[in-house]
Amino acid sequence: MWLGSMKHNTSKILEFKSTREPVKVLGIFIGYNQDKIIEENFLNRIRKMKTSLNLWLSRDLTLYGKSLLAKTLGVSQLVYAASLLSVPNAVIKIVQTELFSFLWKNKRDKIKRAVIYQPLAEGGLNFINFDTMVKSLRLAWLSRLLGDNDDSWKVIPNYYLSEYGGLQFLLKCNYNAESINKYLPNFYRELLQYFQEFKTKPTFFPTANSYCGTTRL
């Protein structure tokens, strides 16, 4: 598969055949067609998540038990892809809708979602907030990028971010994420955007332990 500016190249190298269909690399599908990429990396996983959760709908579980299953059998299937790829807003909404459908057995919400997200000590269920989880997974890359090691994979992000003085410089600035060069990959643009939100909004993470919290069945 040809990448970057050469993606339209049709020439062959040593008789190897190039494909335009999504290719699976280390568990993640990459390719030219974004709709197919979203289908393979997210929508198929969401269907598997829904199937796994629906098997438990006939059980008489507590709300706490369902909250735990939503994490262990639900979003756990999406963590890997969400940590490596940009997650479309439409996908985030679908996931959250499916999780609440499981919690309330496909009926209308009985408690406000803002309350459900809160920790147990504050009267909530510590229920998974997928949007917050996606942002947490993205921000987790900051510690990896700023680490002292010189891993070869850092060459790519350092190349893109060097145009703005480097990551360490950017994080100290009051930048506008929307004005950053459009050629900056969306993954790194989101990283800067989420960090900016984290700095300016104290309640950016309403439930910081929304994924790691524990509940009982």
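1. A helix here is a DSSP run of H or I that is at least four residues long, with helices numbered from the N terminus. In this predicted model, L84 has its place in helix 3, which covers residues 79-84.

2. As for the surroundings of L84, this residue has a relative accessibility of 31% and therefore counts as partly exposed, since that class lies between the 20% limit for buried residues and the 50% limit for exposed ones. Together with V25, L26, I30 and Y80, L84 makes a nonpolar patch of about 460 Å² on the surface.

3. Turning to the chain as a whole, a reader new to the structure will find ten helices and two strands. Read from the N terminus, the order of the elements is β-β-α-α-α-α-α-α-α-α-α-α, so that, with numbering from that end, the helix called helix 1 comes after both strands.

4. Some totals describe how the chain is packed. It has 217 residues, of which 39% count as buried, and its accessible surface comes to about 13,400 Å², with 55% of that area belonging to carbon and sulfur atoms. Where contacts between residues at least 6 apart in sequence are considered, 64% of them join residues that are at least 24 apart.

5. Helix 4, made of residues 89-103, offers a check on geometry. Its 15 residues, taken at 1.5 Å a residue, should span 21 Å, because the expected span uses one less than the number of residues; the C-alpha atoms at the two ends of helix 4 are 21 Å apart, which agrees with that expectation.

6. Which residues of helix 4 are buried? They are V91, I92, V95, Q96, E98, L99, F100, S101, F102 and L103, and what covers these buried residues includes helix 1 (34-54), helix 2 (63-74), helix 5 (113-116) and helix 6 (130-139). Just after helix 4, the residue K105 takes a positive phi of about 55°.

7. The last point concerns L191, which lies in helix 10, a helix formed by residues 186-200. Is L191 buried or exposed? With a relative accessible area of 1%, L191 is buried, because that value is under the 20% cut-off.

8. The contacts of L191, once its neighbours within four places in sequence are left aside, are with R138, L139, L142 and L145. One of these residues, R138, is 53 residues away from L191 along the chain, and yet the C-alpha atoms of R138 and L191 are separated by 5.9 Å.

Notes
Residues numbered from 1 in each chain as written. Predicted model: local features only at pLDDT ≥ 70, side-chain atom pairs only at ≥ 80, totals over all residues. Heavy atoms only, no water. Buried < 20%, exposed > 50% of the residue type's maximum accessible area, 1.4 Å probe, protein only. Contact = heavy atoms within 4.5 Å. Areas by Shrake-Rupley, 256 points an atom, 1.4 Å probe, with all protein chains shown as cover. Patch = residues over 30% accessible without salt bridge, like charges linked within 9 Å, V, L, I, M, F, W, Y side chains within 5 Å. Salt bridge = Lys/Arg side-chain N within 4 Å of Asp/Glu carboxyl O.
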